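Look at how the two domains of this chain meet. The paragraphs below start from a single ion pair and work outwards to the whole boundary.

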Amino acid sequence: MNPAVELKNIEKRFGKTEIIRGVSLDVRAGERHAVIGPNGAGKSTLFNLVSGRLVPSAGSILLRGENITGLRPFEINRRGLSRSFQVTNIFPRLSVWENVRCAVLWSKGYKYSFWRNVDKLEDVRARTQEILDQINMADRAEIPAGVLTYAEQRALEIGITIAGGADIILLDEPTAGMSRSETERAVALIRKVSEGRTLIIIEHDMGVVFDLADRISVLVYGQIIATDEPPKIKANQKVQEAYLGAAGHD
Amino acid sequence: MSGTIRSYGVWILAAVLLLILPYIFPAGASITTMCLIGIMIIFALSYNMLLGQTGMLSFGHAVYYGLAAFVTAHTMNWVAKNGIAIPLPLIPVFGAIAGLFFGILFGSVSTKRGGTAFAMISLGLAELVYSSSLILRSFFGGEEGISTDRTKLLRLFGYNFGPQIQVYYLIAAWCLLCVILMYAITRTPFGRMCNAVRENPERVEFVGYNPQFVRFIAFSLAGLFAGVAGSLAAINIELSQASFVGAAQSGAVLLAAYIGGVAFFVGPILGAILVTLLSIKLSDFSEIWVLYFGILFITIILFAPYGLSGLLMMHAQFWRGPIGSRITRLLKLFGAYIVALIPVLIMLAGAILLIEMIHHVAQKSAEGANMHFLRRNYLTVNTHTILPWLGGLAAMIGGFFAFRFTWPTVASAWHNALVDAQRSGK
């Protein structure tokens with residue numbers, strides 16, 4: 001069986017600055033895979049490459065065996081890969097309901113149709129409601145997304161990411177900036193929505209990472225120094241030197 | 001179900017209103033004005049498909065309006081000459097096709113980018129088309145333009161569309177049809193994605209949509225409806241001229257949309273009505289009416305960025321609770337407005353008097369010292385005496401401070417209405 005996502009010798013340079021320096025990685029279908037590493041290691045750049053926001057300088061990216069290198073973000077999204085953003089990236093003046101519905105429409109096959117009443121699409125309505133229930137925001141449906149609290153916006157960000165039914169989900173620091181209790185709720189939500197899908201998550205909170213991940217990859221200065229199960233990562237000498245030692249256990 | 005009835009009710013009401021308007025305002029000049037308003041409503045709403053719905057600031061929307069007007073004039077002449085059985089009411093279909101065609105043609109280039117790049121490209125295309133209108137004489141007809149005769153086409157039920165009232169109903173019918181269609185488009189999957197592209201084009205790419213293609217469709221459809229408007233304009237004055245594709249026409253539609261407010265569907269309709277009325281009526285009062293028009297635009301941008309419709313919609317929050325309390329609540333608020341409006345009017349009168357006197361002294365000193373304020377003979381002012389200058393200054397400054405004095409009344413009335421509305425909403 002093909003890996004869900006496969007990176008082959010990916011490099012990314014901005015001018016002379018090398019951010020990603022030859023990354024190869026297999027993410028198995030159905031696993032929860034965390035990417036950790038110190039600030040500036042290139043984690044978000046890696047996500048931008050996989051999701052099509054950036055094009056690699058060298059190497060190739062395969063989605064279930066299909067080469068997607070150089071495809072535009074919407075083309076990759078239509079192939080079943082969806083991502084969230086580290087800095088909340090929503091539609092601020094649209095209601096929560098509209099935010100989620102926009103992310104549902106393509107997956108239901110309505111494309112650019114300008115001859116159908118969007119409010120009468122029962123499958124879209126049902127799916128939107130389902131997502132709002134999942135992220136516990138059904139009672140906030142009519143509120144403009146821009147006035148939600150930070151934690152609510154982060155939840156909505158996840159809702160938009162999963163609404164299209166993608167089976168490969170990339171979450172970029174979903175709990176950043178959250179309080180302890182908010183983080184717990186977010187982790188429960190992530191666990192719920194990633195059920196039966198492939199999850200790749202960037203996360204700084206080691207509690208969250210070791211709680212959630214089936215496997216962990218450690219990215220340091222644009223290279224993956226280890227990919228393994230959580231206990232083995234903890235015990236890995238190189239990881240301790242390069243990352244955990246420097247950041248301290250938390 | 002009740003929602004359905006209500007939404008159809010609005011259109012039925014609009015249709016009835018369009019039918020009876022000529023009986024309420026039967027004067028020839030009024031009919032002519034209403035024709036221009038109807039055309040401007042279509043044009044402004046088509047512009048708002050770009051600006052308000054999709055977040056695309058175009059400086060060249062008149063290109064599609066104007067080119068469709070020329071295609072219309074040529075089509076009418078060709079139809080009349082060859083005796084083809086196409087009646088006048090169907091001619092705007094050709095305008096729509098022309099607008100759509102040029103929308104697709106120029107849109108395929110300009111919608112690749114959003115934001116500032118799109119705005120600059122639209123400006124460049126507008127200049128390109130306007131300058132070619134002076135070169136391609138056979139199509140644009142040079143300085144005289146292309147004239148046509150709307151009465152020479154196939155007659156339907158004996159209507160020859162000579163009288164302006166018949167043209168009014170032609171425009172009204174097309175206006176209503178276009179408004180309904182443009183409203184319906186906002187309620188479709190495509191219409192919603194337009195809003196999403198306006199809000200955050202980057203995120204749109206990550207939910208499966210190509211924002212460039214959304215912009216391209218929006219642009220093409222806006223071209224189609226602008227084409228209907230331009231076509232009706234050519235029918236209305238039986239002439240199409242280079243100014244139809246010009247910067248002034250593109251500017252007028254931007255002003256109409258902005259003054260009415262781009263955030264609400266009705267905004268550009270209100271803006272089209274106001275801008276058309278002002279551009280016709282203001283010149284009765286002043287030679288330099290364009291200046292006041294500009295001041296109005298700046299005032300709206302500064303103090304009411306959501307336009308007239310935005311100001312109106314701010315009052316929607318007071319419309320709750322029992323009907324009687326709604327009305328008394330709004331009446332109290334409007335009472336406070338009037339208290340504040342009086343000093344504003346005094347301030348404006350003073351300012352306008354000063355502006356007009358400066359204009360008179362600077363530009364028309366040859367006509368002597370006497371000026372007819374607001375072009376009224378009974379308001380003759382001697383600009384060579386000190387009194388009107390002092391009076392204008394006093395009214396302007398006094399009005400300003402009186403307004404500052406009355407403003408707290410408005411603020412507290414607003415606060416009271418809000419508290420009252422929230423209480424009755426519970």
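Arg83(A) and Asp172(A) form a salt bridge. Their closest N and O atoms lie 3.8 Å apart, inside the 4 Å cut-off for such a pair. The model is predicted. The count of salt bridges between domain 1 of chain A and domain 2 of chain A is one. Polar contacts add to the picture: ten residue pairs, both at pLDDT 80 or more, make them between domain 1 and domain 2 of chain A.

Which elements of domain 1 of chain A give two or more residues to the side that touches domain 2 of chain A? They are α1 (43–50), α2 (73–78) and β7 (168–172) of chain A. The largest share, four residues, comes from β7(A). By class, this side of domain 1 of chain A holds seven nonpolar, six polar and four charged residues.

Now step back to the domains themselves. Domain 1 of chain A is assembled from three segments, 1–80, 169–179 and 198–250. Domain 2 of chain A covers 82–165. Their centres, taken over C-alpha atoms, are 26 Å apart.

How many residues are in contact across the boundary? On the side of domain 1 of chain A there are 17, and on the side of domain 2 of chain A there are 13. Together the two domains of chain A bury about 1300 Å² between them. Carbon and sulfur atoms give 50% of that area. Within the area that domain 1 of chain A buries against domain 2 of chain A, Arg78(A), Ile169(A) and Asp172(A) supply 32%. No other three residues supply more. Asp172(A) is thus named twice: in this trio and in the salt bridge with Arg83(A).

Conventions
Residues are numbered from 1 along each chain as its sequence is written. Chains are lettered from A and ligands numbered from 1 in the order in which they are written. This is a predicted model: local features need pLDDT of at least 70, side-chain atom pairs count only at pLDDT 80 or more; totals for chains, interfaces and linings use all residues. Side-chain values use heavy atoms; hydrogens and water are left out. Domain bounds come from an automatic or database domain assignment. Contact means heavy atoms within 4.5 Å. Buried area is the accessible area (1.4 Å probe) that two parts lose on being put together, summed over both. A salt bridge is a side-chain nitrogen of Lys or Arg within 4 Å of a carboxyl oxygen of Asp or Glu. A polar contact is a pair of N or O atoms within 3.5 Å; within protein, one must be able to donate a hydrogen and the other to accept it, and residues adjacent in sequence count only if both atoms are side-chain atoms. Ala, Val, Leu, Ile, Met, Phe, Trp, Tyr, Cys and Pro count as nonpolar, Asp, Glu, Lys and Arg as charged, and the others, Gly among them, as polar.
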